[in-house]
Amino acid sequence: MGKRNLYLKTTPVEEAKTIYLEALKKVWEPEYETVPVIEACKRVTRHAVYAKNSSPLYNASAMDGIAVISARTYGASETKPVRLKEGEDFVVVDTGDPIHHPFDAVIMAEDLLETEKEDEVEITASVAAWQHVRPVGEDIVAGEMILPSCHKIRPIDVGVLLSAGILEIEVVRRPMVTIFPTGTEIIEPGEAIQEGSIIESNTRMFEQMVLEQGGLAKRCPILEDDYDKILKEVKQAVAGADMVLINAGSSAGRDDYTVHVLRELGEVLVHGVAIKPGKPVILAIVDHKPVIGLPGYPVSAYIAFENFVAPVLAMMGQLPVKTDQEAEAVISRRMVSSLKHKEYVRIKAGVVGGRMVAAPLARGAGAAMSLVRADGFCIIDQNSEGVEAGEKVKISLYRDPQEIANTVVVTGSHDLILDVAADLMPLLYSGMHLSSTHVGSMGGLMALKRVEAHIAPIHLLDETDGTYNDSYVRRLFQEPVAVVTGVQRIQGIMVKKGNPLGIRGIEDLKSCRFVNRQRGAGTRLLLDYQMKKAGILPKMITGYDREASTHMAVAALVASDSADAGMGIFSAAQSMGLDFIPVGEEWYEFAIPEVFLSLPHVQAFLEVLKSSRFAEELKKLGGYGMEKTGELRWIR
């Protein structure tokens, strides 16, 4: 007669989970392997991955038509069409064709008028410089972070990785899970059924659940209720697997041997949890590996797996269990949509001031990185003209709402250090994340005022006294705002290696092709200040009105010979192999309303700023001073 296995007590679910996971963390170490990118879907990145190539690799036509010199189209109208000659004024291009100097815009084929000469066309409207042209690096910029650490690779990620020149990637090795069905009364599906037989199906369900959680599954033949056989098979399985699941035999019956086997082979931390159904769960460690006994009733087995196996697999795979969910959010920006289509707009989501805020990402068909960055979709139905800023919308989320709730929403000025912080957040503070969108310093402060962000990165020069940031914050906010020092960084002019045009300062921008930052960006304000001091008007600089949204995008345009010069930070120039003419040092800081300062994920971000890992990464980038990083002052 088998020994009865009585429960002396049952452990609360969360307590049991904590006991088990904390014990496993002390004895288990993740393993890694390098795989081809084309085989990396659903795998988890070990390190942050940075682009080797830009995409597009060159300035490319966004449509079929003709590439033109925009200056030669000025003045065209329906009453006064302009005639263009092939070879002199235009060349025929298809979507994706390179656009070479001196051509700098594309006119759609549908907008051309035929003439009596085959090599001439007429146009009835002028085009602006770079209209209908996808600039080099529009989607991906060489040197920018494509994927962070601990990221589960999706099909769109594979495409972006390949576009960025990445062929191999280091990933977390998938845990191998060996699964045992036990019980003298159970039979395989398809076998002859006799009285008392039970068709075994639980372990086939476990196989699929393991695969869904990113593991590999090996389901073994049924083990009859024999202590010695179970002991032998489980011992052998532990030697060749990362985790072992034993189904049935975990309860208090005479022939339930699992707990005795596991006590002989290792340590049983929990036997019996306060959950219904699913009470007879065994949580054990054998040879530093998790071995879990699951109850035999199907519903109990499923609930026990979700509560105890899934978290262990998530820990081993370095990712939380994720499910797509619908949520209600406030849209941060007006979105106009065609009546003809049902549109899926990619969004970043975060919880700010107790409400979920969804920020639309790039909507272009070629903007693949917006899918990588997206947390989900806002779906605009057909026959709808769109949604207004501040309107409540339904969104479908890729990420778990709890993960979004633990995400710091950072909106404002761009700097490469935001990518570094985003990478370190989940590594140093499990479950904490950072999401950033780049709208310029003033755009970030306005997002704070609308309660659409937790933090605004800013570097706004006050021309009256040469100070940074405080006067702008004081003018815009009545409530207390903390300004946290980020880094001291060098702003300057980025030029091609060797500085072929001999650019020495702001005054030399009048004789080159320039690319600017967007309106409201602190870099642009600094440029305007320096231009004013030098007596230079915007119209004197070719390309003053040509905008790029990040320092890396500016650097990519200069490196690709799409521009001769652009304002930016030293680290961006160094990343793209450019020469750099310093213009001045400035403070890149973070404005945080008092109401958000104590949030755990905001505090985690501030701790990341002060960490040695952060300092090490910034040293690699170059061009940053960190003497005051993390210091806080109040603007009241």
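Me: Happy to start with the sheet: in what order do the strands of the open three-stranded sheet come?
Reply: This is a predicted model, and its open sheet holds three strands with antiparallel pairing. The edges are strand 6 and strand 7, each pairing on one side only. From one strand to the next, the twist averages 30°. The order is 6-4-7.

Me: Nice. How many bridges join strand 4 to strand 6?
Reply: Strand 4 covers residues 65-68 and strand 6 covers residues 90-93, and the two run antiparallel. Within this pairing, isoleucine 66 has valine 92 as its bridge partner in strand 6. The number of bridges joining the two strands is four.

Me: And which residue of strand 6 stands opposite valine 68?
Reply: Strand 4 and strand 6 run antiparallel, so a step forward along one goes with a step back along the other. Isoleucine 66 is partnered with valine 92. Opposite valine 68 stands phenylalanine 90.

Me: Let's turn to the other edge. Which residue in strand 7 is the bridge partner of alanine 67?
Reply: Strand 7 spans residues 105-108 and runs antiparallel to strand 4, with four bridges joining them. In a regular strand, side chains alternate between the two faces of the sheet. The bridge partner of alanine 67 in strand 7 is valine 106.

Me: Now for a loop residue: is aspartate 242 buried or exposed?
Reply: Aspartate 242 sits in the loop between helix 4 (227-240) and strand 17 (243-247). Its relative accessible area is 13%. Because the cut-off for burial is under 20%, aspartate 242 counts as buried.

Me: Which side chain makes a polar contact with the side chain of aspartate 242?
Reply: The side chain of aspartate 242 has a polar atom 2.7 Å from the backbone nitrogen of methionine 176. There is also a side-chain to side-chain polar contact, at 2.9 Å. The partner in that contact is arginine 173.

Me: One last stop, at the surface. Is isoleucine 38 buried or exposed?
Reply: Isoleucine 38 is found in the loop between strand 1 (32-36) and strand 2 (49-50). Its relative accessibility is 66%, and the cut-off is over 50%, so isoleucine 38 counts as exposed.

Me: What area does the nonpolar surface patch with Ile38 have?
Reply: Ile38 is exposed. The patch is made by Ile38 together with Leu162 and Leu167. Its area is about 320 Å².

Key: Residues are numbered from 1 along each chain as its sequence is written. This is a predicted model: local features need pLDDT of at least 70, side-chain atom pairs count only at pLDDT 80 or more; totals for chains, interfaces and linings use all residues. Side-chain values use heavy atoms; hydrogens and water are left out. Patches are made of residues with over 30% relative accessible area and no salt bridge: like charges are joined within 9 Å, nonpolar side chains (Val, Leu, Ile, Met, Phe, Trp, Tyr) within 5 Å. Accessible areas come from the Shrake-Rupley method with a 1.4 Å probe; for residues, only the protein chains shown count as cover. A salt bridge is a side-chain nitrogen of Lys or Arg within 4 Å of a carboxyl oxygen of Asp or Glu. Buried means under 20% relative accessible area, exposed over 50%, partly exposed in between (1.4 Å probe, protein chains only). Axes are lines fitted to C-alpha atoms, for helices over the stretch in contact, and angles run from 0 to 180 degrees between N-to-C directions. A polar contact is a pair of N or O atoms within 3.5 Å; within protein, one must be able to donate a hydrogen and the other to accept it, and residues adjacent in sequence count only if both atoms are side-chain atoms.
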